[in-house]
Amino acid sequence: MVTFLLERTAPLSQDEAWRRLTEWPRHGEVVPLTRVTVVPPGPTAEGTLVVARSGVGPLGFDDPMEVTVWRPPAEGVSGLCRLEKRGRVVRGWAELEVHPGPGGRARVIWRETLRCPLVPEPLLGVAARSMFGRALNRLLRGS
């Protein structure tokens, strides 16, 4: 099992940082060889299923994640989204937090635990931190 923590301060309001982090199909645009679908489509709530399909053609796997906590930020109150990874290949959880930051900016924390028996833990840890760190940067930039 690999656990990692990513922290960023973004020149965004809490609401805008939350919107960018939880616009699930955008994750597929910033994570290589991945597309994301949401079931049911529409606003996210507890019970929403976010499915990341990674790979090329038939050589890929689904990473289904269920939203188990959904608390968008409110005035001066931090937001929290917890996703439980329920796939056959990747297991674990992820938490996305958005806090009030200095100067009206948003403080973002991405915490994740992964288990993937197909990849050695040291390699999984390095790859996950690198890939998700870049994804987080791109999501917050909006590009």
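The legends below describe a predicted model in an overall view and several close-up views. Local features are given only at pLDDT of at least 70 and side-chain atom pairs only at pLDDT 80 or more, whereas totals for chains, interfaces and linings use all residues. Residues are numbered from 1 along each chain as its sequence is written, and side-chain values use heavy atoms, with hydrogens and water left out.

**Figure 1. Overall view of the protein chain, with three helices and seven strands.** Helices (H or I, at least four residues) and strands (E, at least two) are DSSP runs, numbered from the N terminus, and along the sequence they follow the pattern β-α-α-β-β-β-β-β-β-α. The C-alpha trace spans about 45 × 35 × 25 Å along its principal axes. The radius of gyration, taken over C-alpha atoms, is 15 Å, which agrees with the value near 15 Å for a compact globule of 143 residues, the globule rule being 2.2 Å times the number of residues to the power 0.38. Buried residues (under 20% relative accessible area, with exposed meaning over 50% and partly exposed in between; 1.4 Å probe, protein chains only) make up 45% of the 143 residues.

**Figure 2. Close-up of the largest nonpolar core, which has 36 residues.** Such a core is a set of buried Ala, Val, Leu, Ile, Met, Phe, Trp, Tyr and Cys residues joined through side-chain atoms within 4.5 Å. The residues with the most contacts inside this core are Trp-24, Leu-83, Trp-110 and Leu-140, and helix H3 (residues 121-141) gives the most to the core, with seven residues. Leaving aside neighbours within four places in sequence, Trp-24 is in contact (heavy atoms within 4.5 Å) with Val-36, Val-38, Thr-44, Val-50, Trp-70, Cys-81, Leu-83 and Leu-96.

**Figure 3. Close-up of Gln-14 in helix H1 (residues 14-21).** Gln-14 is buried, with a relative accessible area of 12%, and a polar atom of the Gln-14 side chain lies 3.3 Å from the backbone oxygen of Val-98. Not counting residues up to four places away in sequence, Gln-14 touches several residues, including Pro-73, Ala-74, Gly-76, Val-77 and Ser-78, together with Val-98, His-99 and Pro-100.

**Figure 4. Close-up of two salt bridges within helices, one in helix H1 and one in helix H2 (residues 24-30).** A salt bridge is a side-chain nitrogen of Lys or Arg within 4 Å of a carboxyl oxygen of Asp or Glu, and the structure holds 13 of them. In helix H1, Glu-16 and Arg-20 lie four residues apart, about one turn of the helix, and their closest N and O atoms are 2.8 Å apart; Glu-16 is partly exposed at 22% relative accessible area, while Arg-20 is buried at 18%. In helix H2, Glu-29 and Arg-26 are three residues apart, again about one turn, and their side chains meet at 2.8 Å, N to O. Here Glu-29 is exposed, with a relative accessible area of 51%, whereas Arg-26 counts as buried at 13%.

**Figure 5. Close-up of the Arg-53 and Asp-62 salt bridge, with a further network of charged residues.** The closest N and O atoms of Arg-53 and Asp-62 are 3.4 Å apart; both residues are partly exposed, Arg-53 at 23% relative accessible area and Asp-62 at 37%. Salt bridges that share partners join Arg-82, Glu-84, Glu-95, Glu-97 and Arg-111 into one network.

Terms used
A polar contact is a pair of N or O atoms within 3.5 Å; within protein, one must be able to donate a hydrogen and the other to accept it, and residues adjacent in sequence count only if both atoms are side-chain atoms.
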